[in-house]
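Please open the model in your viewer and keep the selection tool at hand. The tour below goes from one selection to the next and says what is found at each stop.

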Amino acid sequence: MSLYKSGGGVIRALIGRAIIGRAAAAVIASVLAMCSLAGAQQPVQQEPAPQPSLTAEDLFRPTPAPIIQGIRVTGNQRIEADTVGSYLPLQPGMPADQELLDLSLKTLFRTGLFSDVKLDMQPNNVLLITVVENPIVNQVIYEGNRRVKNDKLEPELQLTPRSIYTRAKVQADVQKIIELYRAKGRFATIVTPKVKPLEQNRIDVIFEIDEGPKTGIAKVNFIGNEVFTDNELRGVVLTKESRWWRFFTNYDNYDPDRLEYERQLLREHYGKNGYADFQVVSAVAELTPDRKDFFITFKVDEGPKYTVGDVRVKTTLAKLNAEALENFVPIKEGQTFDSERVEKAVESITFATGTAGYAFVDVNQRLIRHEDSNTIDLTFEVNEGPRVYVDRINIKGNARTLDKIIRREIRLAEGDAFNRVLVDRSRARVRSLGYFKEVTIEEKPGSAPDRTELDVNVEEQSTGSLSLGVGISSTENFIVDVSVEERNLLGRGQYLRFRVQASSRTRQVDIRFTQPYFLDRNLAAGGSLFNQRTNYREAGFIRNRIGFGLNAGFQVSEYGRGGLNYLLTRDSVIIDTDTSQNIGVGVDPLSILVAGAMPTSVTPLFNDANQQVGQQVVANICDFAAQSLTPTCESRGEFLTSLVGVSLNFDTRDDPITPRRGWRGGVSIGVAGLGGDVNYYQTELNGAWYHPIIGDFIGSLKGRVGYIDGWGGDGVRLSDRFFEGASTFRGFEVAGVGPRYVTRVDPETGDLLGQSIGAKAYAIGTAEILLPLPLPDQYGIRASLFSDFGTVGMVDDSTKLLNENPQFFVDADLDPTTGVNGREYAPIRDDMSLRVTAGVSVSWDSPFGPVRFDFAKIIRKEDYDQTEGFRFSAGTNF
């Protein structure tokens with residue numbers, strides 16, 4: 001018996017069963033009967049013993065299927081014979097039933113491993129399986145794809161290097177490429193797949209892509225709209241009419257998926273403006289005859305405009321009454337109906353009940369329309385829902401970060417009651433780690449109706465860098481920054497940084513390490529070593545600092561964290577400025593210098609008659625006796641500072657990176673003097689509050705307060721005081737606001753000029769509004785309106801002693817032509833008066849690095865403050 005199957009045909013039996021209809025059997029029986037009659041007319045002869053007669057049924061009785069004695073596989077190159085046999089429902093010892101043979105053939109084809117399969121039953125009852133393996137893809141090549149690059153195509157296709165080639169996969173990939181191009185507005189794209197055979201049954205797959213012209217949007221039309229104009233509605237939908245200047249957007253082409261989304265955008269737009277019955281009757285895209293553009297037409301039915309009638313909250317919760325929950329409903333009677341506010345009301349009530357301890361709450365909204373008055377009554381029904389428990393928590397997407405690093409930030413454990421507030425809090429905590437580009441927590445059914453599983457999906461981002469940064473700013477002039485940093489060392493959440501920075505004002509080397517969960521407890525521990533050189537040119541001194549620090553952090557509540565730190569530093573304050581002073585003939589130069597100081601040079605001064613009239617003494621500015629009492633010179637020298645500090649911080653913001661609501665606050669206290677040469681105490685407070693204003697406008701109020709003072713008879717040295725301005729008080733230069741040692745008067749503006757001497761106290765606030773920009777988020781452009789306000793001032797009484805010595809007073813020369821001196825100013829200017837600035841801030845996460853522009857207008861200042869109306873900074877890493 002021989003059986004075969006090729007290319008999906010029907011198995012045929014060369015010798016096998018035959019099925020004959022009853023009519024055919026009857027005809028054959030009649031023929032046999034006639035043969036019997038013809039034989040009866042012949043002479044009678046002696047016959048052998050009678051034999052049993054052969055009937056039609058005997059002739060066509062089915063032959064039994066042979067028993068398979070063995071299975072042999074031929075034609076296989078990569079796939080083992082045992083692997084082929086494992087797919088078969090037939091095994092040696094089983095009959096070669098026709099149905100099982102057909103099933104075996106289909107099973108082998110379904111594996112996708114073979115392009116052809118044949119089954120043959122050999123005379124020795126061995127089943128011979130002949131296969132032709134599908135080739136292996138060596139590489140996938142794209143040709144002609146200028147608009148859609150390889151990195152966009154490859155994740156979407158089935159064929160990849162080392163995958164098995166099938167025609168079905170090629171056809172699916174061709175269709176997927178066409179879909180990707182259509183999403184880019186290219187509906188005339190043609191994709192031609194080709195195969196290049198290689199040795200060892202390998203192939204190269206080549207997709208030849210003819211992208212064709214881009215199909216744009218000729219016009220976006222609206223039919224049925226009376227309340228809003230076509231132009232207003234065009235601003236609502238994403239699709240834009242093709243214009244030459246829209247080269248930064250992909251919304252000027254036709255996308256059928258986007259068209260469906262735009263239906264929802266129109267419904268939301270009308271819904272938040274009172275049109276609760278609005279509907280999009282149809283959305284049609286028509287291709288122009290030249291097949292270059294589309295006409296998009298939306299047919300709408302606006303319906304009547306509604307106002308809000310009665311607003312009620314009904315609840316069965318024991319701990320919360322309806323009146324308390326009504327305070328969380330941002331909708332009042334008489335307002336225009338707003339579907340967006342209705343959804344926010346549901347969210348607010350859910351959040352409020354969750355914070356009150358109700359983890360399972362159903363909030364249902366009921367809208368009752370009154371068509372006669374065009375009003376809608378709103379009723380929010382708040383009931384305790386069925387209890388649901390967390391069955392499993394699955395961490396997905398963390399190829400590098402250990403599971404426990406993420407799990408310890410999750411506020412729920414397996415077996416806990418599900419709580420929406422804790423889920424949102426968990427997402428915020430995981431995102432605040434800074435290790436992930438995106439964090440989502442999805443719910444899916446668990447093992448029982450009252451069980452749910454949580455999938456924590458994370459998309460990891462780079463946390464380590466070896467970078468050379470170059471930048472410029474209006475405060476640092478130039479910046480060169482070389483650093484090795486890893487914020488998630490070995491996936492364990494540890495922080496390590498080695499940094500070398502140089503700029504026109506700062507040079508520093510430091511290394512820092514932090515273990516956020518020391519000994520697997522919620523206790524952070526870390527340390528740092530550093531060497532810094534900072535040129536405080538605004539205050540006239542240079543500080544060299546070397547030291548180390550230790551720090552620890554611990555959780556005090558769900559939203560609060562405390563910290564302890566110790567800092568030991570050796571500071572060397574240098575006044576690296578020479579100046580000159582003229583003295584008379586015969587006067588000893590040492591007489592005008594402090595004891596032990598030596599002049600750099602002494603030069604005789606002559607008049608036109610070559611007669612000596614005096615001497616010019618050049619020395620360090622602080623070596624002159626008259627200057628040694630100035631605040632800057634008083635702070636020079638070397639000092640050892642031993643500082644112990646404690647801090648406490650709280651953060652309830654909904655998102656630590658781009659907050660929309662919530663607040664944060666903190667306090668830190670430090671005491672220097674437990675050893676060392678310096679005695680002072682310092683306290684700083686900071687806080688911020690965020691809240692949506694209207695739509696995507698986010699308002700914030702921020703504040704900082706600080707105070708420092710000496711103890712044990714010590715004053716506060718210049719290098720330990722507060723210097724504010726630039727990024728900390730926009731509109732003012734670095735150290736441009738606060739107490740100043742005045743040395744001269746600007747003859748043109750009348751402003752007092754001199755050196756900043758720092759302050760013992762400051763209080764600075766900021767009111768800011770984040771503006772929603774009509775630009776995609778991926779551009780990374782943000783803008784805000786701000787107003788900075790506050791006061792900076794207060795110095796030690798010993799510093800103000802110069803104001804009692806008239807020789808240090810500064811004259812304002814009112815009339816340079818006459819030389820008549822005008823008003824005299826005390827040299828130490830210190831006033832805790834209010835300063836106010838306002839302006840616009842624009843930031844851009846550009847491909848070259850972060851760029852920021854601050855435009856500020858001075859509203860209120862003092863005449864000795866140093867201001868700047870524009871500040872720019874930029875940098876890059878490579």
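Does Phe 498 count as buried, partly exposed or exposed? Phe 498 counts as partly exposed, because its relative accessibility is 39%, where buried means under 20% relative accessible area, exposed means over 50%, and partly exposed lies in between (1.4 Å probe, protein chains only). This is a predicted model, in which local features need pLDDT of at least 70 and side-chain atom pairs count only at pLDDT 80 or more, while totals for chains, interfaces and linings use all residues. Residues are numbered from 1 along each chain as its sequence is written, and side-chain values use heavy atoms, with hydrogens and water left out.

**The whole chain**

With everything displayed, the chain holds 13 helices and 41 strands; helices (H or I, at least four residues) and strands (E, at least two) are DSSP runs, numbered from the N terminus. Of the 878 residues in the chain, 38% are buried.

**The nonpolar patch**

Select Phe 498 again, which lies in strand β20, and then add Val 482, Val 484, Leu 496, Val 500, Val 509, Ile 511, Phe 513 and Leu 529, which together with Phe 498 make a nonpolar surface patch of about 670 Å². Such patches are made of residues with over 30% relative accessible area and no salt bridge, and nonpolar side chains (Val, Leu, Ile, Met, Phe, Trp, Tyr) are joined within 5 Å; a salt bridge is a side-chain nitrogen of Lys or Arg within 4 Å of a carboxyl oxygen of Asp or Glu. Strands β19 (477-489), β20 (494-503) and β21 (506-515) each supply at least two residues of this patch.

**A sheet of three strands**

Next, select β25, β26 and β27, which form an open sheet in the order β25-β27-β26 with antiparallel pairing, two strands being paired if DSSP finds at least two bridges between them. Because β25 (578-583) and β26 (601-606) stand at the edges with a single partner strand each, one side of each is left without a neighbour in the sheet. Six bridges join β26 to the antiparallel strand β27 (residues 612-620), and Pro 604 has Gln 615 in β27 as its bridge partner.

**A hairpin and its further partner**

Finally, select residues 680-694, which are β30, and residues 697-710, which are β31, and follow their antiparallel pairing over 14 bridges. Tyr 681 stands opposite Asp 709 in β31, and in the turn of this hairpin, where two residues lie between the strands, Gly 695 has a positive phi of about 60 degrees. Adding β34 (residues 761-771) shows its antiparallel pairing with β31 over 10 bridges, where Gly 703 stands opposite Gly 765 in β34.

Technical notes
Patch = residues over 30% accessible without salt bridge, like charges linked within 9 Å, V, L, I, M, F, W, Y side chains within 5 Å. Areas by Shrake-Rupley, 256 points an atom, 1.4 Å probe, with all protein chains shown as cover.
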